[in-house]
Amino acid sequence: TRARQNGGERLVRSLTRHREVIAFDNRGVGASGVPPGPYQLQQMVQDSVAVLEAACGARDTPVHVLGASMGGMIAQKLGLQHRELGLSLVSLVLGCTGHGGKTAIPPPPDFFQTF
């Protein structure tokens with residue numbers, strides 16, 4: 001995954017000592033497909049739900065979601081919108097996430113009011 005390519009390998013390796021780890025790339029980056037954009041944060045939340053449902057199904061054990069940078073934003077929105085999944089969340093380096101430049105589409109104004 002892109003996270004592994006960007007230095008996340010040590011974190012993934014450390015986590016796999018204690019837990020089953022499912023790491024995936026957001027749409028349009030790393031090993032994921034590149035569907036036509038632009039991509040919205042909400043689409044990535046739904047992508048995350050699809051991955052969780054496919055990989056985890058109905059579980060009696062908790063699912064822990066860790067997101068870094070934009071992944072932290074996705075994880076938080078995932079937790080707020082899908083409480084029925086019973087997730088625990090960890091958001092890393094959320095403060096360093098920017099809008100991505102001049103052509104980026106920022107999140108809707110109500111997104112930040114949620115927090």
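Partly exposed here means a relative accessible area between the 20% that bounds buried and the 50% above which a residue is exposed, and Arg-27, at 22%, is partly exposed for that reason. Keep Arg-27 in mind, as its side chain meets that of Asp-47 in a salt bridge. What you're looking at is a predicted model, with a mean pLDDT of 77 over the protein chain. Along the sequence the pattern reads α-α-β-α-β-α, and helix α2 gives the largest share of the largest nonpolar core.

**Overall layout and confidence**

- The protein chain has four helices and two strands.
- Of its 115 residues, 22% count as buried.
- Some 74% of the residues reach a pLDDT of at least 70.
- Confidence varies by element: helix α2 (residues 41–56) has the highest mean pLDDT, at 90, while helix α4 (residues 109–113) has the lowest, at 64.
- If you take the contacts with a sequence separation of 6 or more, 59% of them are between residues 24 or more positions apart.

**The loop between α1 and α2**

- Asn-26, Arg-27 and Pro-38 are worth a look here: Asn-26 sits in the loop between α1 (2–16) and α2, Arg-27 is found in that loop too, and so is Pro-38.
- Asn-26 has a relative accessibility of 19%, so it counts as buried, given that the cut-off is under 20%.
- Leaving out residues up to four places away in sequence, Asn-26 touches Ser-32, Met-44, Met-70 and Ile-74.
- Further along, the peptide bond joining Gly-37 and Pro-38 is cis, with omega at about 0°.

**Arg-27 and its salt bridge**

- Searching the whole structure turns up one salt bridge.
- That pairing is between the side chains of Arg-27 and Asp-47, at 2.7 Å from N to O.
- Arg-27 belongs to the loop between α1 and α2 and Asp-47 to helix α2, so the pair ties together parts that are 20 residues apart in sequence.
- In general, side chains of opposite charge can pair when their charged atoms come close.
- Asp-47 counts as partly exposed, because its relative accessibility is 23%.
- Apart from neighbours within four places in sequence, Arg-27 is in contact with Ser-32, Gly-33, Pro-35, Tyr-39, Gln-43, Met-44 and Asp-47.
- Take Met-44 from that list: Arg-27 and Met-44 are 17 residues apart in sequence, yet their C-alpha atoms are 7.1 Å apart in space.

**Helix α2**

- The end C-alpha atoms of α2 are 22 Å apart, which agrees with the 22 Å that its 16 residues should span at 1.5 Å a residue.
- Its buried residues are Leu-41, Met-44, Val-45, Ser-48, Val-49, Leu-52 and Cys-56.
- These residues cover an arc of only 150° around the axis, which puts them on the same side of α2.
- Turn to the face pointing away from that buried side, and you'll find the exposed residues Glu-53 and Ala-54.
- Just after the helix, Gly-57 takes a positive phi of about 55°.

**Helix α3**

- Helix α3 (residues 70–81) has 12 residues, and from first C-alpha to last it reaches 17 Å, close to the 16 Å expected at 1.5 Å a residue.
- Buried in α3 are Gly-71, Gly-72, Met-73, Ile-74, Ala-75, Lys-77, Leu-78 and Gly-79.
- Ile-74 also turns up among the residues that Asn-26 touches.

**The largest nonpolar core**

- This core has 12 residues in all: Leu-41, Met-44, Val-45, Val-49, Leu-52, Cys-56, Val-63, Val-65, Met-73, Ile-74, Ala-75 and Leu-78.
- The elements giving two or more residues to this core are α2, β1 (63–68) and α3.
- Helix α2 provides the largest share, with six residues.
- Met-44 is one of the core residues, and Met-44 is also in contact with Arg-27 and with Asn-26.

Terms used
Residues numbered from 1 in each chain as written. Predicted model: local features only at pLDDT ≥ 70, side-chain atom pairs only at ≥ 80, totals over all residues. Heavy atoms only, no water. pLDDT = per-residue confidence, 0-100. Buried < 20%, exposed > 50% of the residue type's maximum accessible area, 1.4 Å probe, protein only. Contact = heavy atoms within 4.5 Å. Expected span 1.5 Å × (residues − 1). Arc of directions from axis to C-beta. Salt bridge = Lys/Arg side-chain N within 4 Å of Asp/Glu carboxyl O. Core = buried A, V, L, I, M, F, W, Y, C linked by side-chain atoms within 4.5 Å.
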